[in-house]
Amino acid sequence: MPTGVHKLPHCPKGVGGTPRFRLGRGYESASTPRRQRRNTLMELGLIGLGKMGGNMRERIRRAGHTVIGYDRNPDLADVHSLEELVGKLKGPRVVWVMVPAGAPTQSTIDELAELLQPGDVVVDGGNSRWTDDEKHAEELAAKGIGFVDCGVSGGVWGLQNGYALMYGGDAENVAKVQPIFDALKPEGDRGAVHAGKVGAGHFAKMVHNGIEYAMMQAYAEGWELLEKVDSVTDVREVFRSWQEGTVIRSWLLDLAVNALDEDEHLEKLRGYAQDSGEGRWTVEAAIDNAVPLPAITASLFARFSSRQDDSPQMKMIAALRNQFGGHAVEKAE
């Protein structure tokens, strides 16, 4: 580890409160001590074992739960098909989907709808648009299958630090998944929330990502200005000095320092940053609800500018996305 690199702080911590629920022996509630609730072990089917899903499987297993994972890559999978996955789970089943939003999620839920039984629950933990959640919930409810949407934040650091979770759905369905939420979330009293009804989890995660866009953009603009002037001779150490005692210290700032320790002037990166879609959805939701979001909107448009030139600001955005989420970067030519 380079000199001066700080250990990254833990993500926010918490637990999503839910009403009473039944899991094997008797009823438990959100007020039941976490240690006691963790003793309620369960089985989970997990679909999608990429960067996020694979680490989530490991963290859930470390908590003592049984996870049966499926992925199109047979080297990652525990089973060879969704049918085999469902067949290995005892009812009532909980199946968590971690695949790309849109058609991949839709086709997975369509197949699960034909395989699962009434009383089972599907959790969509990917980055689906919240408007899709209501459709999926209705499709599954027609077969007696529950649905919970869950926004998951934590990136490549989630295995170590825990994942911030925002979930939506009926209390009865959330309760069936609660031990898994408890296993995934960070230690402590924060970091997870039952945000509301179906769609609330992904809507909350969408807004979270919109805020993330704006925060990264602010750091990137400040970094470019510092790099531009002759009077500042050590921009990296200026950023490092902000990590303690300032009002702008944050996990993103720590990640920025990490990136600068690896490549002090980000000369190895091309100034190009992709947008995952949630920034666009946030701006669209703001328009639909007449809520002004000038900072988030400007940060989204700045991503578009990266596709025209080798933007210095986008080098920092690209570096930050790679640091917290393992997102691919384009190397400078």
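A salt bridge here is a side-chain nitrogen of Lys or Arg within 4 Å of a carboxyl oxygen of Asp or Glu, and helices are DSSP runs of H or I, at least four residues long, numbered from the N terminus. Keep both in mind for the first stop. Also remember that you have a predicted model open.

**Stop 1: a pair within one helix**

Select E58 and R62 and show their side chains. The two meet in a salt bridge, at 3.0 Å from N to O. Both sit in helix α2, and because they are 4 residues apart there, about one helical turn separates them. Colour the two by accessibility and they fall into separate classes: E58 is partly exposed at 31% relative accessibility, while R62 counts as exposed at 56%.

**Stop 2: a pair that spans the sequence**

Now pick R129 and E284. This is another salt bridge, with the closest N and O atoms 3.0 Å apart. R129 is in the loop between β6 (121-124) and α5 (130-141) and E284 is in helix α11, so the pair ties together parts that lie 155 residues apart in sequence. E284 has 34% relative accessibility, which makes E284 partly exposed.

**Stop 3: a charged network**

Move on to R236 and D261. Their closest N and O atoms are 3.7 Å apart, and that makes a salt bridge. R236 belongs to helix α9 (residues 235-241) and D261 to helix α10, so to speak two distant parts of the chain, 25 residues apart, linked by the pair. How many residues should you add to see the whole network? Select R236, E237, R240, D261 and E264: salt bridges with shared partners join these into one network. D261 counts as buried, since its relative accessibility is 12% and the cut-off for buried is under 20%. If you want to go hunting for the rest, the structure holds 14 salt bridges.

**Stop 4: the largest pocket**

Switch on a pocket surface. The largest pocket has a volume of about 1,300 Å³. Which residues should you centre on? Try N127, V152, S153, K205 and N209, the closest to the pocket's centre among the 47 that line the pocket. Several elements give two or more residues to the lining, including β7 (146-153), β8 (164-168), β9 (192-196), α10 (251-262) and α13 (312-325). Helix α8 gives the most, with 8 residues. If you colour the lining by class, you should get 24 nonpolar, 17 polar and 6 charged residues.

While you have β7 on screen, click on G151, which is in that strand. G151 is buried, with a relative accessible area of 0%. Then draw a C-alpha to C-alpha distance from G151 to M206: the two are 8.0 Å apart in space and 55 residues apart in sequence.

**Stop 5: a nonpolar patch on the surface**

Select V207, I211 and M215. Together they make a nonpolar surface patch of about 210 Å². M215 lies in helix α8, which covers residues 200-228, and M215 counts as partly exposed at 35% relative accessibility.

**Stop 6: backbone oddities**

Turn to the backbone now. Most residues other than glycine have a negative phi, and most peptide bonds are trans. Here are some exceptions to click through.

- G91 and P92 are joined by a cis peptide bond, with omega about -10°. P92 is in the loop between α3 (82-88) and β5 (94-97).
- L266 has a positive phi, near 55°, in a residue other than glycine. Look for L266 in the loop between α10 and α11. L266 is buried, with a relative accessible area of 1%.
- A290 also has a positive phi near 55°, and sits in the loop between α11 and α12 (294-305). Is A290 buried or exposed? Exposed, with a relative accessible area of 68%.

**Last stop: a contact between C-alphas**

Finish at L49, in the loop between β3 (43-47) and α2. L49 is buried, with a relative accessible area of 3%. Add D71 to the selection: the C-alphas of L49 and D71 are 5.7 Å apart in space, with their positions 22 residues apart in sequence.

Technical notes. Residues numbered from 1 in each chain as written. Predicted model: local features only at pLDDT ≥ 70, side-chain atom pairs only at ≥ 80, totals over all residues. Heavy atoms only, no water. Patch = residues over 30% accessible without salt bridge, like charges linked within 9 Å, V, L, I, M, F, W, Y side chains within 5 Å. Areas by Shrake-Rupley, 256 points an atom, 1.4 Å probe, with all protein chains shown as cover. Buried < 20%, exposed > 50% of the residue type's maximum accessible area, 1.4 Å probe, protein only. 1 Å grid on protein atoms, 1.4 Å probe; cavity = no way out; pocket = protein on both sides within 12 Å on 5 of 7 lines; lining within 4 Å. Points joined across faces, edges and corners; volume = space filled by probe spheres on them. Nonpolar A, V, L, I, M, F, W, Y, C, P; charged D, E, K, R; others polar.
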